[in-house]
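Here are my notes for you on this model, point by point. Please keep the viewer open while you read.

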Amino acid sequence: MKQYVVARPLYSEDAFADEHEKIHRHHKTLRHHVKQYFTCDLKRAKNAALSLLPFIGWMRIYQLKEWLLSDIVSGVSTGLVAVLQGLAYSLLASLPPWYGLFTAFFPVIIYFFLGTSRHISVGAFPVLSLMVGAVVTRLVPDEGPPINITGFEGLTSDEQRVMVAASVTFLMGIMQLAMGLLQVGFIVMYLSDTLVSGFTTAAAIHILVSQLKFVLGLVVPGLSGPLSIIYTLEKIFVQIEKTNVCDLVTSILIMVVVFIVKEINDRYKAKLPVPIPIEVIMTVIACGVSYAFNFRVIYKVDVVGRIPVGYESPMAPNMQIFGETAVEAFPMAIVGFAVAFSVAKVYSVKHDYIIDGNQELIAFGASNIVGAAFKSFAASTALSRSAVQESTGGKTQIAGLLSALIVMVVTLAIGFLLEPLPKSVLGAVVIVNLKGMLMQIREVPYLWRRDRPDCVVWVVTCLASILLGLDLGLAVGLGIELLTVVFRAQFPRCSVLANITGTDIYKDRKDYMSIYEPEGVKIFRIPSPIFFANIDFFRGKLVEAVGFNPLRVLRKRNKALRTIRKLLKKGELQMTSKGLLLTSSGPIEESEDESNMEELDQPSDFKDLPVQVNWNSELPANIQVPRVDVHSLILDFSAVSFLDISALKGLKAALKELIRVEVEVYIVACDEYILEKLHSCKFFDDEVKSSMFFLTLHDAMLHILEKHPVNSEKTKVCEKSSAIKMIINKNNSCNVATHV
């Protein structure tokens with residue numbers, strides 16, 4: 001076994017500071033930061049341009065011969081998938097199918113210039129589409145009149161829905177752009193993987209239920225709000241006997257074939273040059289069969305229908321819709337960015353380049369604003385489509401640009417070929433692509449075994465999102481997640497440490513058998529910041545660790561001193577060679593004078609007594625005071641990252657209570673920032689001194705063993721084991737020799 005030996009002086013924080021001079025660092029003022037932020041020179045202008053237009057950076061290193069062919073293959077493959085998913089996800093947004101083609105075109109163009117990821121495919125995302133659909137059906141329901149909105153006059157139901165979808169997307173884009181400009185991309189860090197997993201699983205269930213009406217060929221009005229999924233299932237099962245058998249058979253056939261081929265793609269992806277585009281193939285076959293056998297007329301199958309040629313003129317968002325949808329737009333902005341950023345982060349790590357969260361917010365904000373102006377709905381990234389773009393060899397967003405060109409060709413020239421496509425085929429494609437999100441439910445048993453608070457977050461987020469809707473469910477999940485963080489910080493797992501025999505290592509005494517605990521010494525560790533919410537918990541656990549309440553002991557001692565003074569004054573207690581001796585035989589009552597409780601909390605005063613009282617010995621007149629067997633307490637602050645003002649006050653009060661009952665307190669491994677804060681807040685006084693702070697736990701322990709030796713021989717080496725030695729030099733300095 002490898003060994004190391006360290007010989008150095010024993011250091012308190014004060015001793016270390018005296019011996020080792022620190023570098024004085026000048027901290028920049030707020031004025032300096034503001035001045036630097038607004039200073040402009042050629043270098044900053046160049047960096048700002050590269051930051052705002054990231055495509056310049058990778059275009060400068062673009063390897064034409066090596067990358068172009070891969071980007072072309074990837075762009076064509078991704079474009080075909082984007083066309084199909086655009087049509088399918090439009091149904092989730094409760095919009096005519098061709099508006100999904102707009103979402104697969106305009107946001108992609110803007111992201112090409114502003115985005116930092118080279119591999120994600122921008123466009124419709126099923127969860128966002130469903131959230132847009134919930135807003136659309138709330139303002140323009142399938143049954144009943146739409147909400148009273150200025151600007152709806154003279155518009156058809158579909159046109160009203162397009163206005164709602166475009167307006168809420170525009171507002172979502174404004175929110176994302178504002179967050180990016182304000183540099184608050186870190187906000188996505190509050191959405192843990194567990195929360196996102198539970199949320200997307202619930203979204204997948206919502207999507208599955210919403211597509212059942214297309215798979216079964218039923219007419220079911222779109223519903224939104226709490227318990228909408230229950231009401232939708234009720235309406236489906238009420239008319240289940242009206243199921244269109246042709247739609248059902250077509251959907252089942254599509255789902256089985258697509259599922260099998262996708263499994264083949266996954267299993268043999270290393271051998272296949274490109275994944276088999278089975279969704280596109282089955283869509284083409286379904287279109288041909290539907291057209292040849294006239295499904296729409298003969299079997300009453302609902303088809304995509306007329307797809308207008310070209311793009312529609314841009315439109316301005318409706319301000320009144322902004323007010324009606326602001327609450328829904330914010331979670332959409334967060335979810336859209338969180339999903340896109342997490343996917344982008346995976347590919348950036350895999351391909352070794354850097355993405356910027358704030359720039360991604362700007363890119364998606366601008367993409368959604370421009371897209372909404374041209375009547376597209378909320379854009380993010382779909383995991384399956386991004387996987388296609390990356391797995392088919394895509395190197396840069398040139399592939400994304402080419403996919404947008406494929407979508408444009410369909411929109412301008414060949415869209416009519418998709419008119420006989422049954423909507424049940426689109427529903428089947430959507431459902432079969434939910435496999436990844438639905439299979440996340442397998443995480444629950446793992447989380448339950450490994451981290452139950454995380455499991456609670458997953459389950460509550462999922463159930464709340466299913467029953468209350470995605471927007472409220474996300475808010476509930478975020479609240480539960482923050483509560484778990486608060487509880488973990490408010491009720492940390494405190495522990496009493498002991499020395500591992502033969503080392504200078506200290507671990508929880510409950511976890512190891514071979515430990516050394518010097519008599520009268522306690523080591524207490526709190527593994528979290530100390531702040532207003534957990535300072536009382538900290539003090540309570542500290543009392544448990546030492547085995548007595550110092551304030552109660554102090555009050556008992558001061559009451560005992562009152563009684564002793566009273567007896568001395570009456571002559572019933574006299575000083576002898578053996579100490580204080582009771583001269584009267586009558587019963588003696590302990591002083592119960594509670595008139596001045598503040599005096600009982602002050603340090604014990606022996607100045608007018610003829611002798612110092614030994615509180616651990618038998619006291620005269622049957623005076624009872626709790627025994628204190630602890631003479632030294634070490635507080636391990638190695639895991640304490642900050643203290644707030646409430647914690648400072650509570651900590652100081654706890655230290656004073658311990659010091660006043662003659663317990664020496666030492667604080668070890670304290671962060672330099674906390675020490676500076678203690679000095680600046682006037683934490684130290686005549687009782688609480690800076691000399692109680694030691695560099696390491698072992699330094700403090702050796703200092704205690706020197707001050708309270710195990711035996712009376714002062715120069716004897718304290719050698720509980722051959723591994724820990726403390727040598728007392730002539731000048732009383734201590735060297736530590738540790739053998740591992």
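Is Tyr4 buried, partly exposed or exposed? At 41% relative accessibility, Tyr4 is partly exposed, where buried stands for under 20% relative accessible area, exposed for over 50% and partly exposed for in between, with a 1.4 Å probe and protein chains only.

A word on conventions before the points. This is a predicted model, in which local features need pLDDT of at least 70 and side-chain atom pairs count only at pLDDT 80 or more, while totals for chains, interfaces and linings use all residues. Residues are numbered from 1 along each chain as its sequence is written, and side-chain values use heavy atoms, with hydrogens and water left out.

1. Let me stay with Tyr4 for a moment. Tyr4 sits in the segment before β1 (5-9); strands here are DSSP runs of E with at least two residues, helices are runs of H or I with at least four, and both are numbered from the N terminus. Between the C-alpha atoms of Tyr4 and Thr156 there are 82 Å, with 152 residues separating the two along the chain.

2. Next, have a look at Thr103, which belongs to helix α6 (residues 99-103). Its relative accessibility is 0%, so Thr103 is buried. Apart from neighbours within four places in sequence, Thr103 is in contact (heavy atoms within 4.5 Å) with Gly123, Ala124, Ser376, Phe377, Ala378 and Ala379. The C-alpha atoms of Thr103 and Thr381 are 11 Å apart, although these positions lie 278 residues apart in chain numbering.

3. Thr169 is a good companion to that point. This threonine is part of helix α9 (residues 157-181), and with 0% relative accessibility Thr169 is buried. Its contacts, again without neighbours within four places in sequence, are Asn368, Ala372, Ser376, Phe377 and Ala378. If you select Ser376, Phe377 and Ala378 in the viewer, you will find them among the contacts of Thr103 and also among those of Thr169.

4. A further threonine deserves a look. Thr137 lies in helix α8 (residues 126-139) and is buried, at 5% relative accessibility. Outside the four places on either side in sequence, Thr137 is in contact with Ser94, Arg161, Gly222, Leu223 and Ser224.

5. On helix packing, I picked out one pair. Helix α10 (residues 193-216) and helix α12 (residues 245-267) have axes that come within 7 Å and cross at roughly 120 degrees. The axes are lines fitted to C-alpha atoms, for helices over the stretch in contact, and angles run from 0 to 180 degrees between N-to-C directions. That crossing makes α10 oblique to α12, given that under 35 degrees counts as roughly parallel, over 145 as roughly antiparallel, 65 to 115 as roughly perpendicular and the rest as oblique. Phe214, Val215 and Leu216 of α10 meet Asp247, Leu248 and Ser251 of α12. These contact residues divide into 4 nonpolar, 1 polar and 1 charged, where Ala, Val, Leu, Ile, Met, Phe, Trp, Tyr, Cys and Pro are nonpolar, Asp, Glu, Lys and Arg are charged, and the others, Gly among them, are polar.

6. How many salt bridges does the structure hold? There are 23, each being a side-chain nitrogen of Lys or Arg within 4 Å of a carboxyl oxygen of Asp or Glu. One of them joins Lys656 and Asp685, at 3.0 Å from N to O. Lys656 is in helix α27 (residues 645-660) and Asp685 in the loop between α28 (672-680) and β12 (693-694), so this pair ties together parts 29 residues apart in sequence.

7. The same lysine has another partner to note. Lys656 also bridges to Glu687, with the closest N and O atoms 4.0 Å apart. Glu687 is partly exposed, at 23% relative accessibility. Glu687 in turn forms a salt bridge with Arg660, at 2.9 Å from N to O, and Arg660 is buried, with a relative accessible area of 16%. Through shared partners, salt bridges join Lys652, Lys656, Arg660, Asp685 and Glu687 into one network.

8. Finally, the cysteines. The count of disulfides (pairs of cysteine sulfur atoms within 2.5 Å) is 0. For Cys455, the nearest cysteine sulfur is that of Cys462, 11 Å away, and Cys455 is buried, at 4% relative accessibility. Why is Cys681 without a bond to Cys670? The sulfur of Cys681 has its closest cysteine sulfur in Cys670, 12 Å away, which is too far for a bond. Cys681 is partly exposed, with a relative accessible area of 33%.
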